[in-house]
Every structure is written in structure tokens, then in C-alpha cells.
There are 2 protein chains.
Amino acid sequence: MEDPVDIRLATAVSQDPRATLAQLSERIGLSVSAVQARLKKLESNGVITGYQAILDPEAIGKPLSAFIEITPLDPSQPDNAPELLEPLTAIEACHSVAGDAAYMLFVRVASPRELEALVNEVRRTASVNTRTTVVLQTFYEHRPILAP
Amino acid sequence: MEDPVDIRLATAVSQDPRATLAQLSERIGLSVSAVQARLKKLESNGVITGYQAILDPEAIGKPLSAFIEITPLDPSQPDNAPELLEPLTAIEACHSVAGDAAYMLFVRVASPRELEALVNEVRRTASVNTRTTVVLQTFYEHRPILAP
DNA sequence: GTTGAAATTCTAGTCTA
DNA sequence: TAGACTAGAATTTCAAC
């Protein structure tokens, strides 16, 4: 994706995914149908991979979040932790990382009690050690990748 | 937010924020207008804080991501790192955390070269030490908070 | 919450440069 | 090929019940 118009469109959409085609077309300076065609292409190209509603974690009863670094107990064993952990819906993100740990998870739970249960379940499920870093406050997150 | 209908609605919306009111109304079992009214309330209540388009980081030229833990150089100084760092648009998230570091950042950049520059800028801007953990592979992220 | 009708938006076919 | 135009379908919106 190098086309400057596509970049402007992706920027506009990532900042306001609910904008109507008419609003986008005004912002971009193209007709509604041109915007629609480009948007469809961005979606089918996989540039826009999806849309997400951002919910307030506290409002939905998950005020506690944490990073969990995990390290396989037995490095000689085949390691499919991400797959094994996928059913745990408290896990919002799973990355493999360079450094001390093998993977970094980001999780959201209702309480310390639930975090403990989750950590234990992660350990059992994936046969790993964990190192948990609790989030005390979130200043910002979900900031758009593309700046204006 | 305890109302079970609101929870179902928030769940449905978080899984498909582009669903039409008609689709949601069918899934929820309420009329279109009732769904619209509840949705508006969820938005104005701050339960739904926003919407986001998810872009493919590689497609938009930011294939490299990393966690940066930061620690103030001088713990006796007033610490407003999140505020100081906010203008750096490569930073997607900023949390204060318990543990060794004071803050955890998640950043996206175009290249190792750019990551180096960003880390240096973070250090300079906020007068902090940093510990960077590079992401090698992302298995999943942006998973909805509310499971069905 | 529901209904229903008007306004807006989306969609897709067609035309033009 | 990309954009513009247009008519018909779908959706959103909002009043009245």
C-alpha cells in the first residue's frame, strides 16, 4: 500500500471507522463510489483486516489487566503454546518475543483472584513458567497505527 | 452495565462492529429501534468508548513491534512520562505497571533502525531507562474482551 | 419497546476520460 | 483502469403510540 490516497483513506478510516462514505469522500476529495471502491479494495487486500468496538474494561467487569511472559518448562519439547492457549478468552493478545521469555500475553480479568486462576491455567495448559506484570493504570491504548 | 441484554448487545457489537441494527436486532431479539436506543446509551454511558479499524501492520509499513519497559532515571523527580511520550505516535499503548519497571509501552515501527531511534527518543524525552522486548511474531491480538 | 415513514446511506450498474 | 453519476435497495433516524 503506497498510494497516497489509500494511505489517507486508511488513516481516515482507522480514526473513524463509523464515518459514512459521504464523510470519507469529503475528507478524501473523491466521489462516494470511488471511496467505496477503494475501501473495498483495502478490505479485500487485507490492509484493513477488521473492525473493533472498544469497550471500557471497567464497565464490562474486567478492570484488571496484566502482561504474562511465559517460558516453556522443557525447551526440547515441541512448543505450541499460542495454539494451546487460544481457548482462554481472557487472553487478548499473544506474541512470541525475543528476550528472556518465549511469549508475551496481554490478559484482562475481573479480579486478582481470577488473575491467579488464569495464570495457573496458563501454566498447566501450556507447560510453562510465567512471569506476570500487573497493569496499575492505562494511560492510553488502541491508538491508531496511522497518524494523520 | 449488568443488564443481560446490554451484555449480549455489547458482545455482539464487539464481535462485529459493522453489523447493521437489523442484524443486531435479530441476534438480540429486540426491535431495530430498541437496539439503536440501547447502542446509543452504551456509547454515551462510555461502555462503548469507540470504534477502530484494524489495519495490517505490514501492509502499512510498520512490521516491527516491541514492548518497551521504562524506568525513571531519578525516582525523586516528578514523573509524567505518559504525558511526555504521548506525542510519539509510534506508541500504541502506555500502561503503568507493578514490578521492575514503572511503565510498559507497546510500539510499532518500520524497522530496527526506527526502533533504535524511538527508544532513544523515549529515553531523552522522559529521562528514563528502557528495556526493549522485540516482538518476533504476533499470533493474535485485538481479541474481543467479551466472549460469547 | 414497538411501529412506521422520511431522510440518509449503501450498492451496483453504466458511462466517461 | 479509476473515477463519476444515478437509480434502486437497505439502513438509519426519529416521531408517535
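Here is a short conversation about how the two protein chains and the two DNA strands are arranged in this predicted model.

User: How do you know that chain B is related to chain A as by a two-fold rotation axis?

Analyst: Chain B can be laid on chain A by a turn of 180° with a shift of 0.0 Å along the axis, and the RMSD is 0.1 Å. The two copies are therefore related as by a two-fold rotation axis. In chain B, the C-alpha nearest that axis belongs to B:Gln52, at 2.6 Å.

User: What makes you say that the same surface serves both copies?

Analyst: It comes from the overlap in contact residues: 98% of those of chain B recur in chain A.

User: Happy with that. Why is strand β4 of chain A called mostly covered?

Analyst: Buried means under 20% relative accessible area. In β4(A), residues 103-109, seven of the seven residues are buried.

User: And what makes both faces of β4(A) covered?

Analyst: Look at each side in turn. One carries A:Tyr103, A:Leu105, A:Val107 and A:Val109, the other A:Met104, A:Phe106 and A:Arg108, and all of these are buried.

User: How do you know that β2 of chain A pairs with β4(A)?

Analyst: Two strands pair if there are at least two bridges between them. Seven bridges join β2(A), residues 64-72, to β4(A), and the two run antiparallel. To find the pairing by eye, start at A:Ala66, which stands opposite A:Val107 in β4(A).

User: What about β3 of chain A and β4(A): in which sense do they pair, and over how many bridges?

Analyst: They pair in the antiparallel sense over five bridges, with β3(A) spanning residues 91-97. Here A:Ala93 is the residue opposite A:Phe106 in β4(A). The hairpin of β3(A) and β4(A) has five residues between the strands, and in this hairpin A:Gly99 takes a positive phi near 120°.

User: Let's turn to the DNA. Which residues do you place around strand C?

Analyst: A residue is near a strand if one of its heavy atoms lies within 4 Å of it. From chain A, those around DNA strand C are A:Thr20, A:Leu21, A:Ala22, A:Ser33, A:Gln36 and A:Lys40; from chain B they are B:Leu30, B:Ser31, B:Ser33, B:Ala34 and B:Arg38. By class they divide into four nonpolar, five polar and two charged.

User: What makes the approaches to DNA strand C polar contacts?

Analyst: A pair of N or O atoms has to lie within 3.5 Å. A polar side-chain atom of A:Gln36 is 3.3 Å from a phosphate oxygen of strand C, and a polar backbone atom of B:Ser31 is 2.7 Å from a phosphate oxygen. B:Ser33 brings a polar side-chain atom to 2.8 Å from a base oxygen. The elements giving two or more residues to this surface are α2 and α3 of chain A together with α3 of chain B.

User: How do you know which parts of DNA strand D face the protein: sugar and phosphate, or bases?

Analyst: Of the strand D atoms within 4 Å of the protein, 68% belong to sugar or phosphate and the rest to bases. Phosphate oxygens of strand D lie 2.6 Å from a backbone N or O atom of A:Ser31, 2.9 Å from a polar side-chain atom of B:Gln36 and 3.4 Å from one of B:Lys40. Two or more residues come to this surface from each of α3 of chain A and α3 of chain B. By class, the surface near strand D has four nonpolar, five polar and three charged residues.

Note on methods. Residues are numbered from 1 along each chain as its sequence is written. Chains are lettered from A and ligands numbered from 1 in the order in which they are written. This is a predicted model: local features need pLDDT of at least 70, side-chain atom pairs count only at pLDDT 80 or more; totals for chains, interfaces and linings use all residues. Side-chain values use heavy atoms; hydrogens and water are left out. Copies are superposed by least squares on the C-alpha atoms of residues with pLDDT of at least 70 in both. Contact means heavy atoms within 4.5 Å. Buried means under 20% relative accessible area, exposed over 50%, partly exposed in between (1.4 Å probe, protein chains only). Helices (H or I, at least four residues) and strands (E, at least two) are DSSP runs, numbered from the N terminus. A polar contact is a pair of N or O atoms within 3.5 Å; within protein, one must be able to donate a hydrogen and the other to accept it, and residues adjacent in sequence count only if both atoms are side-chain atoms. Ala, Val, Leu, Ile, Met, Phe, Trp, Tyr, Cys and Pro count as nonpolar, Asp, Glu, Lys and Arg as charged, and the others, Gly among them, as polar.
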